[in-house]
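Me: I would like a close look at one part of this structure, the nonpolar core. Please take it together with what packs around it, and then turn to the sheet.

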Amino acid sequence: MMKKVSVLRQSCLMAGLLFAAMSFAPGVSSFVGQAQAADAPAISEKEMETGKQIYFERCAGCHGVLRKGATGKPLTPDLTVPLGTDYLTQFITHGSPGGMPAWGESGGLKPDEIDLMARYLQAPPPVPPEFGMKDMEATWKVIVPVKDRPTKKMNNFNLENIFSVTLRDAGQVAIVDGDTKKIINVVNTGYAVHISRLSTSGRYLYVIGRDAKINLIDLWMATPDNVATIKVGLEARSVETSKFKGWEDKIAVAGSYWPPQFVLMEGDTLKPLKIVSTRGNVVDTGEYHPEPRVAAIVASHEHPDFIINVKETGKVMIVDYSDINNLESVTVDAAPFLHDGGWDSTKRYFLSAANKSNKIAVIDSKERKLVKLIDVGAIPHPGRGANFVDPKFGPVWATSHLGDSSISLIGTDPKGHPDHVWKVVRTLEGQGSGSLFIKTHPKSKNLWVDTPLSTEAKSSQSIAVYDINNLEKGFEVLPIGEWADLGPGGKKIVQPEYNRNGDEVWFSVWSGKGEKSALVVVDDKTRKLKTVIKDPVIVTPTGKFNVYNTMHDVY
């Protein structure tokens with residue numbers, strides 16, 4: 001048994017930050033059940049319902065709704081039944097260095113919940129229902145019509161330095177004043193908001209929960225708050241708005257994990273306009289995939305296009321939104337499983353992580369084509385990545401990894417440094433695997449790398465920072481969790497984010513739902529603690545999105 005467990009711990013590449021929340025969605029009760037596998041352990045109907053909820057909250061993001069695998073391994077009964085309940089119990093309890101959370105050791109799941117999940121995973125996965133235009137329209141709500149909204153900014157906040165902070169388990173975002181560090185408002189949203197995005201004007205804030213609920217927040221109001229909402233599916237991750245000249249704030253797009261599709265909407269009301277399925281065939285095997293989920297979406301600066309990562313098929317859809325009734329798109333073959341990514345410093349080239357393939361796909365948004373697939377470390381997970389000038393190799397974009405401790409620096413300057421372009425020019429050694437985000441700023445000389453999914457508490461509760469001008473020196477470790485002074489709790493340090501001026505770095509100190517969490521602000525120049533933002537409303541903070549940096553793709 002111990003040998004089996006050891007092998008599993010080494011091989012499992014699940015990343016548990018990627019949660020889902022379909023259990024909160026209408027229609028979940030209509031999931032189609034399937035017959036119990038003959039050799040699977042017994043599980044009651046009530047336990048199935050509980051297991052379904054836990055799975056969609058904790059597991060589906062990495063393993064897929066149908067459990068066919070993505071960032072994490074497949075968990076279909078043909079694989080899980082031979083492993084058995086004891087084996088799966090150990091695996092769920094202890095996690096793996098590759099990014100699988102130790103749900104038992106961390107207290108994220110109780111022993112009886114782990115036992116239930118070990119049995120649930122041996123039963124056939126339920127198939128959720130589709131979610132079409134009528135379903136979306138039934139959930140669409142304009143809280144404040146456009147005609148009743150302010151015609152000018154009605155508050156004195158410095159909007160460019162506002163942060164939208166995900167309060168994951170509270171189902172809210174906190175709107176935080178970056179100048180005063182005070183909370184302006186706490187806005188109810190969907191469950192576990194994954195990202196926040198800004199309209200090109202900076203007026204509208206779009207947030208999308210893992211339950212596929214989108215909230216449109218008007219920052220011009222005296223107190224910024226919701227003006228429209230919609231659900232676009234049962235599980236989702238991405239929302240974006242049009243940025244091309246002449247199309248600012250006009251079109252929004254959201255991609256779903258389930259059903260596998262994206263929807264185009266009116267930018268100021270969220271009225272759904274057109275749904276496009278992403279089901280299709282995988283680029284390398286040619287096999288049909290029933291669940292190709294929509295991962296990262298970015299808005300092109302070169303054309304009226306959305307660039308849409310389709311995870312399981314490994315395809316990038318470049319969709320021209322200028323004529324929705326005659327929608328045109330270019331499909332680029334990249335590699336599975338496409339996940340997150342960001343622009344190079346010129347905002348012409350989109351660099352996208354292909355988790356399963358351990359590659360970065362470079363997309364030329366001007367020519368609408370693949371430039372190159374670049375081999376990097378195990379399970380790249382850059383967030384948006386980090387752009388800076390390497391002293392030796394010139395402009396680079398960097399990614400950290402979930403599956404190993406390396407940090408890959410890729411040359412991005414075709415004209416000035418053609419010998420280094422689209423190659424890994426330097427690999428840094430980090431403080432461990434389990435990284436989710438890497439960050440710097442055009443005004444900074446620091447490169448910050450988190451490791452919240454490290455199985456080592458010392459790494460998950462601290463941050464590594466490099467001197468960009470002296471990368472050979474290695475990293476310094478800053479004890480962000482200790483600085484937060486929160487007492488007992490997990491205190492995972494996640495997602496560095498800069499303020500408007502690029503002289504502060506904000507970190508989320510993410511504890512359990514019943515524990516104290518905080519935001520830690522560090523002076524970027526001195527690397528010293530500047531302040532800790534504590535408040536009872538700060539519950540499980542994860543992503544933080546500065547308005548200016550998000551508007552202008554600064555990273």
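Reply: What follows covers the core, one helix that contributes to it, and a sheet.

This is a predicted model, in which local features need pLDDT of at least 70 and side-chain atom pairs count only at pLDDT 80 or more, while totals for chains, interfaces and linings use all residues. Residues are numbered from 1 along each chain as its sequence is written, and side-chain values use heavy atoms, with hydrogens and water left out.

A nonpolar core is a set of buried Ala, Val, Leu, Ile, Met, Phe, Trp, Tyr and Cys residues joined through side-chain atoms within 4.5 Å. Buried means under 20% relative accessible area, with a 1.4 Å probe and protein chains only. The largest such core holds 48 residues, and Tyr-55, Ile-214, Val-232 and Met-265 have the most contacts inside it. Helix H6 (residues 111-120) gives the most to this core, with five residues. Helices (H or I, at least four residues) and strands (E, at least two) are DSSP runs, numbered from the N terminus.

In H6, the buried residues are Ile-114, Leu-116, Met-117, Ala-118, Arg-119 and Tyr-120. They pack against helix H2 (45-58) and helix H5 (85-94), contact meaning heavy atoms within 4.5 Å. Leaving aside residues up to four places away in sequence, Tyr-55 touches Met-117, Tyr-120 and Leu-121, among others including Ala-60, His-63 and Leu-75.

The sheet is open, with four strands in the order E9-E10-E11-E12 and antiparallel pairing; two strands pair if DSSP finds at least two bridges between them. Strand E9 (235-241) and strand E12 (272-277) are its edges, each pairing on one side only. Five bridges join strand E10 (residues 251-258) to strand E11 (residues 261-266), and Ala-254 stands opposite Val-263 in E11.

Terms used. Buried < 20%, exposed > 50% of the residue type's maximum accessible area, 1.4 Å probe, protein only.
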